[in-house]
Each structure stands twice: as C-alpha cells, then as structure tokens.
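Student: Could you walk me through this chain, starting with the overall picture and then going into a few side chains?

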Amino acid sequence: MKPQLYLVVLCAITLFIIYRMPNSQYQEAELEARLHPFDTIKDADPVNKIGYLPHGIMQSNSDMELKPLWVTKGPNLEETVQCHQNLLAISVGIKQKKTVDSIIRKFLPDNFTAILFHYDGDVNGWHNLPWSKRVVHIAALNQTKWWFAKRFLHPDVVSIYDYIFLWDEDLGVDNFHPARYIEIVKSEGLEISQPALDPYLSEIHHRITVRRKKGKVHRRVYDNRAGGDCSSTSDKPPCAGWVEGMAPVFSRSAWRCAWNLIQNDLIHGWGIDMKLGYCAQGDRTKKVGVVDDEYIVHQGIQTLGGPSTEMNEKGIRQPVVRSKRMLRKGVIQNRGRPRTSDARIEVRRQARVELQNFQERWNRAVREDESWIDPFHPNPTTRAQNDANEFGPVLSLD
C-alpha cells in the first residue's frame with residue numbers, strides 16, 4: 001500500500017473513533033438515566049415538584065380521622081365517614097382510666113376527634129369502653145405528651161382542625177363543656193387559651209390560672225402581696241399572655257408555630273410555656289387568656305417516674321382543699337406533700353436540665369438570627385435580661 005493511501009485510511013479510522021466515542025457515551029448516559037431515573041433527576045422547582053409525581057396527585061395535608069374499609073350509604077343510613085372540626089389529644093395511663101373516660105365522654109359528642117397517647121403501653125385495657133374504637137391509640141413507654149405531640153401532631157397532619165386541645169389526664173371536667181368553651185374562645189379572639197382551675201379542688205402552681213367568678217375570660221393577674229411581681233405594669237409571663245402546660249388549647253395557626261417551638265430531644269417541655277406567647281398571632285396580652293366560664297379541676301396526679309400522690313386510708317387520693325382565706329393570702333402550694341420517689345426525683349432533675357438547655361437554645365437563636373426583632377422586647381440591650389426573667393418551669397410534666 002502506498003504511503004499516501006495508508007495515511008488516508010489511518011486518518012479516516014481515527015476520525016471515526018473520535019466521532020463514535022461521545023456518541024457512545026451519550027447513549028450510555030441515556031440508558032443509565034432510564035435504568036436509574038431518581039439518580040439523575042434535576043430539582044428545577046423544589047417547591048412544586050417532588051420526584052416525577054404530577055402536581056395534581058400530591059396531598060400535602062392529612063388528618064387523624066379513622067377511615068373505614070367500606071362506606072355505608074343509603075336512604076335511612078348516615079354516611080359512616082365523618083370529618084370533625086376539633087382535636088383532643090391526651091397522654092394517658094391505665095390508672096387514670098376513670099378520669100379519662102369522663103373527659104372523652106364530654107368531648108366526642110361535640111364534634112371532636114380524640115387521640116390517646118399511652119405512655120404505659122397498655123392499649124388493651126381501654127377496649128371495654130364503648131368509645132374505644134372511635135379514637136386513635138398510640139403507645140410508647142414512658143414518653144411525655146410533648147414527645148408524642150412532636151411526632152404525631154405535625155401541623156400538616158392536623159391542619160383540618162380549628163382547635164387542638166393538648167391535655168393531661170388528671171383533669172376533672174364536671175363543669176366544662178367543650179362546645180361552649182370554643183364559642184367563648186372564638187368570641188374573645190383567643191389563639192392560645194386554657195380553662196380556669198377550680199380554686200378549691202385544684203393543685204395550683206400559678207395564680208393566673210385560678211378561676212374568677214366575674215367575667216368570661218381573664219388575660220392577666222395582679223399580685224400586690226409582699227414579694228409579688230405581677231403589678232399593673234407587668235406584661236410578660238406568667239403575669240400576662242400566658243397559659244400553663246397541663247391544659248393548653250391552640251388555634252390552627254398557633255399550633256403550627258407551637259409545634260416548631262417544641263424541641264425534638266427536650267421531651268419534658270419545661271420552658272415552652274414561657275414562650276408560647278410568640279405563637280399568639282399578635283399581641284400575647286390580648287390573644288392569650290384563661291377562660292373562667294368553663295373551668296376544670298387539676299388533680300395534680302404525677303405519673304411519669306412513679307406515683308407520688310397523697311392517699312387516704314381507703315386508697316383514694318386526697319383533694320387539695322383551700323379556704324377563701326388561704327387564697328386571699330396567696331397560699332397556692334400543696335399541703336402535706338408525700339415523700340417523692342427516687343424515680344420521680346430523677347424525672348424532675350432531668351426536666352430542670354432540659355429547661356436550662358432550652359433557655360440556652362433560645363438565647364443562642366436570638367443572637368444568631370440578626371434579622372429577628374423581638375416584638376415584646378424590641379430593645380436589644382434589655383432583651384437578654386428579659387429572656388432570663390421570663391423563663392420558669394412548666395410544672396406539669398405529663
């Protein structure tokens with residue numbers, strides 16, 4: 001073969017190889033994309049595009065309504081699928097079965113969905129109650145209601161409900177009516193609220209929670225006793241804009257904020273009550289309040305960490321009885337507290353540690369978020385001191 005022809009053939013082969021290499025790589029890339037589509041997806045619109053799902057199929061919200069396996073309809077039969085307007089969630093143990101039964105019987109007829117968070121793991125013990133099949137049961141050993149709420153009451157899941165009641169199990173409801181309570185909350189424009197406490201039968205930790213006989217709602221408390229710090233100029237928790245942790249009630253918007261305030265790992269919830277006013281969708285001195293017309297009894301039964309309640313000779317818990325004279329003098333602590341169990345001491349110790357951690361996280365977040373302006377303490381020089389003064393323990397652990 002002549003040298004010139006040899007060079008022409010070699011050049012042609014070289015050009016062919018050069019042409020085929022990128023074409024082959026392109027075909028391999030196409031094949032790889034078909035075989036592994038999720039590895040090559042481009043997230044051009046992360047807000048409105050999830051994977052390869054068509055936009056119209058996505059359901060971002062859910063609810064806690066039980067869905068039957070079939071729907072019964074007929075001229076004389078109501079549709080079995082229901083949609084309730086409000087949600088009640090309670091952390092419960094089998095020992096408080098009677099009290100919880102009274103609560104559920106009050107709420108279910110007033111268009112409520114109910115969830116029981118079983119911190120003792122005993123679900124079967126509730127099956128003999130007539131309403132048991134109508135409520136949602138979730139069990140996890142030795143967990144607080146804040147742990148349950150963070151994991152099972154995501155705002156998108158409970159977004160259909162107007163109000164979320166996140167209650168303890170030791171609440172007497174003889175003088176409480178859920179529908180009337182909601183009417184008052186709506187008329188008063190309360191985003192975060194709680195029922196007032198019966199002053200003679202309840203365990204009381206803060207004077208603002210005590211029921212007043214005059215008026216439907218109160219939003220602040222005045223404490224002019226020696227050592228009292230709730231004066232006419234006080235506008236911060238727990239003197240104003242504050243509810244306690246045992247029976248809070250949230251509007252839909254307030255709960256979306258409060259759920260984000262709950263820490264994933266700090267499960268006792270101490271310190272959260274002092275910051276709930278930031279979730280009030282406005283002025284906490286107006287949007288947060290205690291409802292006097294519908295009141296409850298806080299029995300003060302401590303469950304997590306073992307029993308530490310006072311019993312009489314028949315094994316019945318003694319109520320906390322206070323005279324009018326005691327209330328006028330501001331006597332709010334319990335008489336004759338029993339000896340606390342070692343487990344209970346450890347529970348409270350851990351709760352205090354979590355309170356300090358929560359306070360440190362709040363202060364750090366305030367420092368690092370340079371764009372954030374505190375609506376209640378806009379002066380940065382006094383903000384840190386106000387934060388330190390506002391923090392106090394949530395005394396209801398369960």
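Tutor: We can begin with the whole chain and then turn to one helix, a few single residues and the salt bridges.

Student: What kind of model is this, and how are the residues numbered?

Tutor: This is a predicted model, in which local features need pLDDT of at least 70 and side-chain atom pairs count only at pLDDT 80 or more, while totals for chains, interfaces and linings use all residues. Residues are numbered from 1 along each chain as its sequence is written, and side-chain values use heavy atoms, with hydrogens and water left out.

Student: How many helices and strands are there in the chain?

Tutor: The chain has nine helices and nine strands; these are DSSP runs numbered from the N terminus, helices being H or I with at least four residues and strands being E with at least two.

Student: And how many of the residues count as buried?

Tutor: Of the 398 residues, 44% count as buried, where buried means under 20% relative accessible area, exposed means over 50% and partly exposed lies in between, with a 1.4 Å probe and protein chains only. As for contacts (heavy atoms within 4.5 Å), residues 24 or more positions apart account for 74% of those in the chain with a separation of 6 or more.

Student: Let's look at α4. Which of its residues are buried?

Tutor: In α4, which covers residues 178-188, the buried residues are Pro-178, Tyr-181, Ile-182, Ile-184 and Val-185. Seen down the helix axis they fall within an arc of 160°, so they line one face of α4; the arc is that of the directions from the helix axis to the C-beta atoms.

Student: What does the face turned away from the buried side carry?

Tutor: That face of α4 carries the exposed residues Glu-183 and Ser-187. After α4 comes Gly-189, whose phi is positive, near 70°.

Student: Where is Ser-193, and what does its side chain do?

Tutor: Ser-193 is found in strand β6, residues 192-197, and is buried, with a relative accessible area of 1%. Its side chain is joined to that of Tyr-181 by a polar contact of 2.7 Å, and Tyr-181 is one of the buried residues of α4. A polar contact is a pair of N or O atoms within 3.5 Å; within protein, one must be able to donate a hydrogen and the other to accept it, and residues adjacent in sequence count only if both atoms are side-chain atoms. Not counting residues up to four places away in sequence, Ser-193 also touches others, including Val-185, Val-243 and Gly-289.

Student: Switching to Lys-150: buried or exposed?

Tutor: Lys-150, in helix α3 (residues 145-152), counts as buried at 14% relative accessibility. A polar atom of its side chain lies 2.8 Å from the backbone oxygen of Trp-259, and the side chain of Lys-150 also reaches the backbone oxygen of Ile-262 at 3.0 Å. Lys-150 and Asn-264 are 114 residues apart in sequence, yet 6.7 Å apart in space, C-alpha to C-alpha.

Student: What about Arg-151?

Tutor: Arg-151 is likewise placed in α3, but counts as partly exposed at 32% relative accessibility. A polar atom of the Arg-151 side chain lies 3.0 Å from the backbone oxygen of Asn-264.

Student: How many salt bridges are there?

Tutor: The count is nine, a salt bridge being a side-chain nitrogen of Lys or Arg within 4 Å of a carboxyl oxygen of Asp or Glu. In one of them, the side chains of Lys-145 and Asp-168 meet at 3.0 Å, N to O. That pair links distant parts of the chain, with Lys-145 in α3 and Asp-168 in the loop between β4 (163-167) and β5 (171-172), 23 residues apart. Lys-145 is buried at 0% relative accessibility, and Asp-168 is buried at 2%.

Student: Which residue does Asp-162 pair with?

Tutor: Asp-162 forms a salt bridge with Arg-252, the closest N and O atoms being 2.8 Å apart. Asp-162 lies in the loop between α3 and β4 and Arg-252 in helix α5 (residues 252-261), so the pair ties together parts that are 90 residues apart in sequence. Asp-162 is partly exposed at 24%, and Arg-252 is partly exposed at 36%.
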